[in-house]
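Ready to work through a protein model piece by piece? Grab the viewer, try each exercise yourself, then read the solution.

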Amino acid sequence: IVRIQTFLMIFLVITPLFTGCIETGEQEEPIELEFEFTFDLERTAENPLRGFYTNYDWGEPVYDFPASLEFAYIPLSELMSGPSNFTFDTGLEPRLLAAEGRSHQIILRPYIDYPTKASGLPAFLEGQVEMRSYSEHGGGMSPDYNNLELRAALSSFIQAFGQAYDGDTRIALIQLGLLGFWGEWHTWPHSEWFPNDEYLTEVLNAYDDSFNETLLQVRYPVANSQNLEIGFHDDSFAHSTIGDVEWYFHPRLLSSGAGEHWKKSPIGGELRPEVQQSIFEDSPNSQHQNFTQCVEATHASMLLNYAAFSGGLNSSNEIKNAEAAALSLGYALHISHATLSNNQLNITIVNQGIAPFYYPLSLQLMDSANNTLTHDLPQYLPGQTGSPITLDVSSLLQLNNESIWILSLHSDYILPNQEILFATTPGNGLIQVK
C-alpha cells in the first residue's frame, strides 16, 4: 500500500496535467487532483490593450516591435463639417479599417490646435471663432475656447461621436483631446487662454455621458475628472512623471486625490520623445527618469513609443530592454493552479501585472467536442488572486488522451482576430492553457 501511494504521488508531481480518473479493472475510481502551472510573461507580448504602440501617420514601422495598438491624432475639421454634420465616414473610418487590417485597435485623439500643423478648426467656424497666434512649440493658432459657437460645436461633436462609436471594438480608448495645444489640455505658457473649470467640467461630463463602454483618458486630473470613470495619459512619461515637483504627473495625481484612479480607469500616454532613443540603453542617462519606477508609481497600461518601431533602438540589447519594458505594462493574468474533484474544477487566477484588464472579461473552458463553459471574471488588481473560479464540468467530455480541455480568456471588447493570452505556459497535458 505504501509503495502504491508513493508511486501515485510521484506520478502526480511528474504529470500535473493528468486528470479525470484512474482505471482499475472494470471500474474507474475518481480522485482529487491538483495542477500547477508555469508563469510565462513573454507569450503575452501582443496581448490587447497593453504595451507600446506607434503612430502610422508618422511613418511605417521599420522594426516589427510587438504591438496590439496604434495611435492617431485627428483634426476636428476632418470629423465635422457643420453644427450637426459629421464626416466620420471619411475622417475616421479609413483609419479604423487600416488599423483593424493590422490586427490593431486604435487609440485616437481629436484636436483643434496642433503646434506646427494647420488648424483643425472646422471650416464652418472659421471667421466666427477668434484665433490667437503663438510662436512657442513651433507656433500655431489657438482658438477662443470660450466662444459660444465653438462650445456648442464641441458639445454636438462629443454626443454624436459617442452615439456612433461607443463600444466599437476597433477603438481601444479615446483621449478626450479637443482643448489646448496638441489636444493636451494646456496652453502653456499662455495659461490665460485655457478654459476655466466650469467649462472643463462640461466637456468631461459630455464625454462621460456619451461613452458608457469605450474607455476614456484625459491629460490631467482637472475639474471633476477624478470623480468620473476617465483615466489619464502622461505625455511626458519618464521625463516628468515622478518626483517632488508639484506639476509632474504622479504628484499631480496624488495631490488631486486621483492616486488610486488607475484601479478603475487606465493610465497611458507617451514616452517623452526626447528620451525614447536613450532610455533603454544600458548606461544611465540623466535626461530621463527610471522607467520601472515610473510604471510602478502610475500603473501604466500602454504608451506611445515611436522610436521602438522606427529604428530608434540602436542595439540588440536595447531592443531586448525595450521589449521587457513593454511587457511590464498593464495586466498579466496567470493561472497559478487548479484542482479537480467530483466534477468541480477550481481555477486560481492571479494578476502578475501592474494594472487590471479594464473591459469585461470571461474565462472559457472547452473540451475536444467544442462543448464550452463560460464564467465572467472579476477585475483582478495587481498581485490579487481572489477566490478560485469554480466550474461544474459534468457536461464536458471526460478527459483522456483523445479528449483534452482548453482554458482561454475572452472579451467582447477586442477585435475578432485578437487573442488575450494567459501569462501561463500552454502545457501539453490533458488540461491546457491558451
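**Exercise 1: a mixed sheet**

An open sheet of four strands runs in the order E19-E18-E21-E22, and its pairing is mixed. Strands here (E, at least two residues) and helices (H or I, at least four) are DSSP runs, numbered from the N terminus. Two strands count as paired if DSSP finds at least two bridges between them.

Before you start, note that this is a predicted model: local features need pLDDT of at least 70, side-chain atom pairs count only at pLDDT 80 or more, and totals for chains, interfaces and linings use all residues. Residues are numbered from 1 along each chain as its sequence is written, and side-chain values use heavy atoms, with hydrogens and water left out.

Task: find which strands are the edge strands of this sheet, then look at how E18 and E19 pair.

Step 1. The edges are strand E19 (372–376) and strand E22 (431–433), since each pairs on one side only.
Step 2. On average, neighbouring strands in this sheet are turned by 20 degrees against each other, direction ignored. Axes are lines fitted to C-alpha atoms, for helices over the stretch in contact, and angles run from 0 to 180 degrees between N-to-C directions.
Step 3. Strand E18 (residues 362–366) pairs with E19 in the antiparallel sense, over five bridges.
Step 4. Now pick out partners: glutamine 364 stands opposite threonine 374 in E19, and leucine 365 has leucine 373 in E19 as its bridge partner.
Step 5. The hairpin of E18 and E19 has five residues between the strands, and there asparagine 370 takes a positive phi near 70 degrees.

**Exercise 2: another sheet**

Task: work out in what order the four strands of the sheet with E3 and E20 come.

Step 1. The order is E3-E16-E17-E20, in an open sheet with antiparallel pairing.
Step 2. Strand E3 (33–36) and strand E20 (389–392) are the edge strands, each pairing on one side only.
Step 3. E3 and strand E16 (residues 333–341) run antiparallel and are joined by four bridges.
Step 4. Across that pair, glutamate 36 stands opposite histidine 337 in E16.

**Exercise 3: two helices**

Task: describe how H4 and H5 pack.

Step 1. Helix H4 (residues 148–165) and helix H5 (residues 197–210) pack at an angle of about 20 degrees, with axes 8 Å apart.
Step 2. So H4 is roughly parallel to H5 (angles under 35 degrees count as roughly parallel, over 145 as roughly antiparallel, 65 to 115 as roughly perpendicular and the rest as oblique).
Step 3. For the contact (heavy atoms within 4.5 Å), H4 brings Arg151, Leu154, Phe157, Ile158, Gln159 and Gly162, while H5 brings Tyr199, Glu202, Val203, Ala206, Tyr207 and Ser210.

**Exercise 4: backbone oddities and confidence**

Task: find where the cis peptide bond before proline 189 sits and what the pLDDT says.

Step 1. Tryptophan 188 and proline 189 are joined by a cis peptide bond, with omega about 10 degrees. Proline 189 lies in the loop between strand E11 (171–175) and H5.
Step 2. Alanine 238 has a positive phi of about 70 degrees, although it is not a glycine. Look for alanine 238 in the loop between strand E13 (231–237) and helix H6 (249–255).
Step 3. The protein chain has a mean pLDDT of 92, and 93% of its residues reach 70 or more (pLDDT is the predictor's confidence in each residue, from 0 to 100). Over residues 1–27 the pLDDT is below 50, and this stretch has 37 contacts in the model beyond near neighbours in sequence.
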